[in-house]
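Please read the points below alongside the coordinates. They are meant as notes for a colleague who will work with the model.

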Amino acid sequence: MAEETESKQSAVESVMEKIHGHDSSSSLDSDSDHEKPASPISVKAKIYRLFGRERPLHHVLGGGKPADVFLWRNKKISAGVLGGATAIWVLFELIEYHLLTLLCHISILCLAVLFLWSNVHTFIHKTPPRIPQVHLPEEPFLQIAFALTIELNQALKLLRDIASGRNLKKFLVVVAAFWVLSVVGSWCNFLTLFYTSFVLLHTVPVLYEKYEDKVDPFAEKAVIEIKKQYAVFDAKVLGKIPTGPLKTKKV
């Protein structure tokens, strides 16, 4: 009898172990199923960005300190640069100060202060000023000149390609841009135009970066509408213009 009861108990224990083992394995399988991420079936549609950019706006603006200034990464530096540009514009445009006059007055003031301080330091019991020897390095100026040379050569190459009559669309865009610039230049002088562009560079990029998800859909609709209007203009006007030997009309 004792052996039968022991055998029954061992059989019950084995059955319970199997049940627990099955439950644990099923729970592990269910947990693993929950942990496995669902494989994406549909490919996410590509989001339209203004001017077809694929990189962040910070990289488009250069990704260095100028981009940090334009996007107000450091508010003190950006505010200081914008404030300095505003002070220069007020001096030259509103007060009508001239550049040569301003430079001469600043030089006279600095030289007079240093000269007087150097001669009366014994009376005021102050140490004479230590005027440092200023030496401008050549490398930054050479780098700036090299970069400007590259940009000017690219601009001249682009103008040469446009003038050769190979791309009518670029020709019209450049002519329209020069015409708009000439009209804007007739409204104000070069300093005001430069200051306005400087202010726009410090306001438009940071506002666009903040609201780009709302601006890009409107820009996409505008680009689609412009392409439609250009297609109509091309069919009615540009398509009737005889082409030269350098350009072959696409069918």
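The numbered points below go from the whole chain to single residues.

1. Status and confidence. This is a predicted model. The mean pLDDT of the chain is 75, and 73% of the residues reach at least 70. Residues 1-6 have pLDDT below 50, and in the model this stretch makes 0 contacts beyond near neighbours in sequence. The stretch 22-45 is also below 50, again with 0 contacts beyond near neighbours in sequence. Where pLDDT is low, the predicted coordinates should not be read in detail.

2. Overall make-up. The secondary structure consists of 10 helices and 0 strands. Of the 251 residues in the chain, 9% are buried. Among contacts with a separation of 6 or more, 53% are between residues 24 or more positions apart.

3. Annotated spans. The unreviewed UniProt entry lists residues 77-95, 102-120 and 171-195 under "transmembrane region". Such annotations may be inferred rather than shown by experiment. In the model, the span 102-120 is 95% helix and 0% strand, with its end C-alpha atoms 27 Å apart. For 171-195 the figures are 92% helix and 0% strand, and the end C-alpha atoms are 28 Å apart.

4. Aromatic pairs. How many aromatic pairs does the count come to? The count is 3. Trp89 and Tyr195 form a stacked pair, with 5.0 Å between centres and 10° between planes. The pair counts as stacked because its plane angle of 10° is under the 30 degrees cut-off. Trp89 belongs to helix H4 (residues 75-94) and Tyr195 to helix H9 (residues 190-210), so the pair links parts of the chain 106 residues apart. Tyr195 has a relative accessible area of 15% and therefore counts as buried. Elsewhere, ring pairs join Phe190, Phe194 and Phe198 into a cluster.

5. Charges over rings. Lys169 sits over the face of Tyr230, 5.3 Å from the ring centre. Lys221 is placed over the face of Phe218, at 5.9 Å from the ring centre. Both distances can be set against the cut-off of 6 Å from the ring centre.

6. Ser78. Is Ser78 buried or exposed? Ser78 lies in helix H4 and is buried, with a relative accessible area of 0%. A polar atom of the Ser78 side chain is 2.8 Å from the backbone oxygen of Val69. Setting aside neighbours within four places in sequence, Ser78 contacts Asp68, Val69, Trp72 and His202.

7. Trp72. One of the contacts of Ser78 is Trp72, which is found in the loop between helix H3 (65-70) and H4. Trp72 is not a glycine, yet its phi is positive, at about 60°. Most residues other than glycine have a negative phi. Trp72 is partly exposed because its relative accessibility of 26% falls between the limits for buried and exposed.

8. Glu96. Where is Glu96 found? Glu96 is in the loop between H4 and helix H5 (99-119). Glu96 also has a positive phi of about 60° without being a glycine. With a relative accessible area of 59%, Glu96 is over the 50% limit and so counts as exposed.

Notes. Residues numbered from 1 in each chain as written. Predicted model: local features only at pLDDT ≥ 70, side-chain atom pairs only at ≥ 80, totals over all residues. Heavy atoms only, no water. Helix = DSSP H or I, 4+ residues; strand = E, 2+ residues; numbered from the N terminus. Phe/Tyr/Trp six-rings, centres within 6.5 Å; stacked < 30°, edge-to-face > 60°. Buried < 20%, exposed > 50% of the residue type's maximum accessible area, 1.4 Å probe, protein only. Lys NZ or Arg CZ within 6 Å of the ring centre and 35° of its normal. pLDDT = per-residue confidence, 0-100. Contact = heavy atoms within 4.5 Å. Polar contact = N/O pair within 3.5 Å; in protein donor to acceptor, adjacent residues only side chain to side chain.
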